[in-house]
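Subject: Handing over a structure

Hi there,

Here is the structure I promised to pass on to you. Please open it alongside this message, and I will go through what turned up.

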Amino acid sequence: MKKILFLATFLAYGLLWAQKPYYNVKEYGASGNKADKVTTQLQSAIDAAHEAGGGTVYFPPGDYLSGSLILKSNVTLELEGGATLWASQDPKDYPFLTTANRPCLVYADSAYNIGIKGKGRIHGQARRTYEDLKKVDRFIREITENAEAAGVEMKMYYKVEPLVRMITLENCVDVTLEDIDLIESCSWTVSFKWCERVYVRGIYLYASLDAGVNADGLDIDGCKDVTVSDCIITCGDDAIVLKSTLANNKKYQDCVNVTVTNCVLTSTSTGLKIGTESNGDFRHIVFNNCVVRNSNRGLSIVVRDGATVENVIFSNITIETNRKHFNWWGNGDPIWLVLKKRSPNARLGVIRNVLFENIIAHGQGTSKIEGYAPDSLHAEGRRLENIQLRNVQLFMYAEDYRDKRATHGFEAHHVDGLTVENLEVNWNEERTEPKWGSAAYFYDVNNLRVDGFRGRQGLLTGTAPVIGLKDVENAMLKEIEAMPGSGVLVSVEGDKTKEVILRDLDPTGKAKEAFRAAAGLKENAVIVR
């Protein structure tokens, strides 16, 4: 009996020794009253834990108003349920800036083994005003002009200083963000920059969908070995986005080995995104088992700064996209891949080896796969390479704004190696748009394979073909099924078109015309079997 008691006592002491000590912020003078600013007291608790070799800074239930806090190595912030860390609204409480020249509530640089967790919350106290448009975003200039011409009100929300980011961690290793609620950040909510071994689990994040300009959810910037799982994120701007930004010292890093899974996302911009800041490369990225609801864009890769993006998988995702206010980037489109240049002399990037698999999307905009068309500096342009869609269903609905944008259900151009297996495009019949065209339109695509397709043109009375091909080379289309009301099932045009094979068109006989060849096609450019 004595031996058992001794062993139990030994184990109990061993467990206590193994646990990191707790540093209760109230013992360092934090009152728990929101009227009291406690930045100094909270920082003292963090410093004490760090100087002792590490520990947990504990926030018991209460309200803690603070300016900038510096998180240090081997320190975890733990907010108990009922505890709220409030961001001060006084600009003087943010005396230093991050490498992105932004003030921040919780900041760490070159720290290791750090974390923020608990059932409590951090509140950014963001403020915004709704004002007349002050300037036009150059990336959406045409969209803005079209909105104004259509009679859309030219106003938008603007942030009120201090423009505080909630959490910014730079050059850190072994980072855990778990269970915490993150509410109403003024700018980016969580920014991981140049970090390694990052684990995000079970957080709830919210910022206003209408007013939360630049209030991104998770920004994963030039990081390596990152996992994000079991999160619920609702925010203005991108929900989860991978970036590679250029710092003031011209430094940037690649973003590699990232997985995102089991998340529910709502965004006024994009649910799951790579870019637009794309100086370094992106490789080995997986987005899996997610729900994207009520977002302006579903899934996107946008390269503007010369990056190579490769080996990316989007799988097992349901999407609902709805057009938002004109100033937000996005067209209610479920899928968008695009290669652009931020400026005329910018590097031209690469997008290749991307898979979309098991996607069900309800949207209001055209899903697009867009390579770079030839220009004066790039006579041949640059094609996207090896893009695959498997088991994708698109459901198209009418837009809620006057400035209509959607045309086709799915569109691809300037691509080399595009495989489409079991794509289905459905159009709403109760509310339609006059610009609706083909279910799928392929322009300047080489090495195209479409194996299993079902759909019709956008308008039952429309003249657009169900599938349009223009200047397509080395293509095989088979098992193409028309839905009731289909007109021309496949139309082929373009003097560059060659080596196109069409097999098993309209097996159920629902199209008025299975195939139509435009004038000007080269002899034997198309073979129908």
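Below are some notes on pockets, a cavity and the surface.

Before anything else, please keep in mind that this is a predicted model.

**The largest pocket**

The best place to start is the largest pocket, whose volume is about 1400 Å³. It is lined by 48 residues, and those closest to its centre are Arg-102, Asp-137, Asn-214, Glu-277 and Trp-329. Sorted by class, this lining holds 17 charged, 16 nonpolar and 15 polar residues. If you colour the strands, look for strand 11 (155-159), strand 12 (165-170), strand 15 (190-193) and strand 24 (270-278), each of which supplies at least two residues of the lining.

**The second largest pocket**

Next comes the second largest pocket, at about 690 Å³. Its lining has 28 residues, with Phe-139, Ile-143, Asn-331, Trp-336 and Lys-368 nearest the centre. Two or more lining residues come from each of helix 3 (141-149), strand 24, strand 26 (297-303), strand 28 (333-339) and strand 30 (367-370). Which element gives the most to this lining? That is helix 3, with four residues. By class, the lining of the second largest pocket divides into twelve charged, nine polar and seven nonpolar residues. You may remember strand 24 from above: it gives residues to the lining of the largest pocket and to that of the second largest pocket.

**A cavity**

How many cavities of 30 Å³ or more does a search of the whole structure find? The search finds one, and the space in it is about 60 Å³. Among the residues lining this cavity are Ser-88, Gln-89, Arg-127, Glu-161 and Cys-186. Its lining is made up of five nonpolar, four polar and two charged residues.

**On the surface**

Two tyrosines are worth a look here. Tyr-204 sits in strand 17 (residues 204-206). Is Tyr-204 buried or exposed? Its relative accessible area is 32%, so it counts as partly exposed. Together with Ile-232 and Val-264, Tyr-204 forms a nonpolar surface patch, and the accessible area of the three together is about 230 Å².

The other one, Tyr-112, belongs to strand 8 (residues 112-118). Tyr-112 has a relative accessibility of 46%, so this residue is partly exposed too. Along the chain, Tyr-112 and Cys-195 are 83 residues apart, while 9.5 Å separates their C-alpha atoms.

Happy exploring, and best wishes!

Methods. Residues numbered from 1 in each chain as written. Predicted model: local features only at pLDDT ≥ 70, side-chain atom pairs only at ≥ 80, totals over all residues. Heavy atoms only, no water. Patch = residues over 30% accessible without salt bridge, like charges linked within 9 Å, V, L, I, M, F, W, Y side chains within 5 Å. Areas by Shrake-Rupley, 256 points an atom, 1.4 Å probe, with all protein chains shown as cover. Salt bridge = Lys/Arg side-chain N within 4 Å of Asp/Glu carboxyl O. Buried < 20%, exposed > 50% of the residue type's maximum accessible area, 1.4 Å probe, protein only. 1 Å grid on protein atoms, 1.4 Å probe; cavity = no way out; pocket = protein on both sides within 12 Å on 5 of 7 lines; lining within 4 Å. Points joined across faces, edges and corners; volume = space filled by probe spheres on them. Nonpolar A, V, L, I, M, F, W, Y, C, P; charged D, E, K, R; others polar.
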